[in-house]
Amino acid sequence: MEQLKHKAGARRPAASPAEITIVKSTGEREAFDPSKLEASLVRAGASAIARTEIMSRVTRELRDGMTTAQIYRHAFSLLKRMAEHPVAARYSLRRAVMELGPAGFSFEKFVAEIFKEMGYSTKTDLIVRGGCVEHEVDVAAWTSKKLIFVEAKFHNSLGVKSDVKVALYVKARFDDLIGRTFDLGGERKLDEGWLLTNTKFTTTAVEYGLCQGLRMIGWNYPDKGNLQDLIQESGLHPITSLTSLSNKEKSDLLKQGIVLARTLRDEPGHLAALGQPTGKIKSVLREIEGLLA
């Protein structure tokens, strides 16, 4: 009978979570750590009941060699099925930021919005003259006391990191701009240059940045004040977070320069312009209110 069961395709008993290795976005393998999954659900605001159910389902269905993307998709679909749409939107935040592409222009606008929320005036995609050559600056942000130039390094794959070569050329560009005068809210000189990315930095890039005093912001670097922190503290969630919009609707809105879910809440006419019925518009607005709560 046992042989017949195997021939019929019966599954062998699954390995325990402690024996499972998963494949990260970089291709590296590591032991599955359920605490990381639970921590991500806590950060997203999932209820205790939802966390218990999702942890049980995911760990029960784990298989050796599964990717982190597969685990994420499974947890994300469970959140949506459990009608926790705002939580699902927060849980998918990192991937939502990655969808602000493919060219990265929407990402630059999104970064500018974060600085605006912090009290800065901003300008994106400008050309400035350095001591030797002209440079493109993705985002300029200023107050009456400080001027910051930001190199916004966008990647549309989780496994891609900004390496030391990126840090080297960004530092060289800022060095060429230091000491020059710029007409941004009045004539002023550059105070800080930031390298900001939506993914991660290599260890060597971080070492170089620390040595050279280059301000570097990644998805989870530094421990405090990283990109994830900046987004969550500002409450600026991108429209790509919304589960109630189709990919085409998100793309159409991004082409119009609309990057924030909050903009749709404040100006719902953008949703009507997409040809959405009243019921759908109300559904989107409810998700935004829950997301921003």
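Which residues of the largest nonpolar core touch the most other members? Keep that in mind while going through these points; note that the model is a predicted one.

1. **The core.** The answer is Phe 107 and Leu 264, which touch the most other members of a largest nonpolar core of 39 residues. Helix H7, residues 105-117, gives the most to this core, with six residues. As background, nonpolar side chains in soluble globular proteins tend to be buried together.

2. **Around Leu 264.** Have a look at who sits beside this residue. If you set aside neighbours within four places in sequence, Leu 264 is in contact with Ile 239, Leu 242, Leu 245, Leu 253 and Ile 258. Further along the chain, its contacts are His 270, Leu 271, Leu 285 and Ile 288.

3. **The largest pocket.** This one holds about 1,000 Å³ of space. Its lining has 32 residues, and those nearest the centre are Lys 36, Ser 40, Arg 43, Thr 68 and Arg 94. By class, the lining divides into 13 nonpolar, eight polar and 11 charged residues.

4. **Who builds that lining.** H2 (34-44) supplies the largest share, six residues. At least two residues each come from strand E2 (29-31) and from helices H2, H4 (68-81), H5 (85-91), H6 (93-98) and H10 (227-234).

5. **The second largest pocket.** Here the space comes to about 230 Å³. There are 14 lining residues, with Tyr 72, Phe 76, Glu 99, Thr 240 and Lys 250 the closest to the centre. The classes are five nonpolar, five polar and four charged. H4 gives the most, three residues, while H4, H6 and helix H11 (247-255) each supply at least two.

6. **Helix H9, inside and out.** Which residues of H9 (203-212) are buried? They are Ala 205, Val 206, Tyr 208 and Gly 209. These four sit on the same side of H9 because they cover an arc of only 165° around the axis. It helps to recall that an α-helix has 3.6 residues a turn, so residues three or four places apart point the same way. Turned away from the buried side is a face carrying the exposed residues Thr 203, Glu 207, Leu 210 and Cys 211.

7. **What H9 packs against, and what follows.** The buried residues of H9 pack against helix H8 (164-177) and three strands: E6 (161-162), E10 (200-201) and E11 (215-217). After H9 comes Gly 213, with a positive phi near 75°.

How values were computed:
Residues numbered from 1 in each chain as written. Predicted model: local features only at pLDDT ≥ 70, side-chain atom pairs only at ≥ 80, totals over all residues. Heavy atoms only, no water. 1 Å grid on protein atoms, 1.4 Å probe; cavity = no way out; pocket = protein on both sides within 12 Å on 5 of 7 lines; lining within 4 Å. Points joined across faces, edges and corners; volume = space filled by probe spheres on them. Nonpolar A, V, L, I, M, F, W, Y, C, P; charged D, E, K, R; others polar. Core = buried A, V, L, I, M, F, W, Y, C linked by side-chain atoms within 4.5 Å. Buried < 20%, exposed > 50% of the residue type's maximum accessible area, 1.4 Å probe, protein only. Contact = heavy atoms within 4.5 Å. Arc of directions from axis to C-beta.
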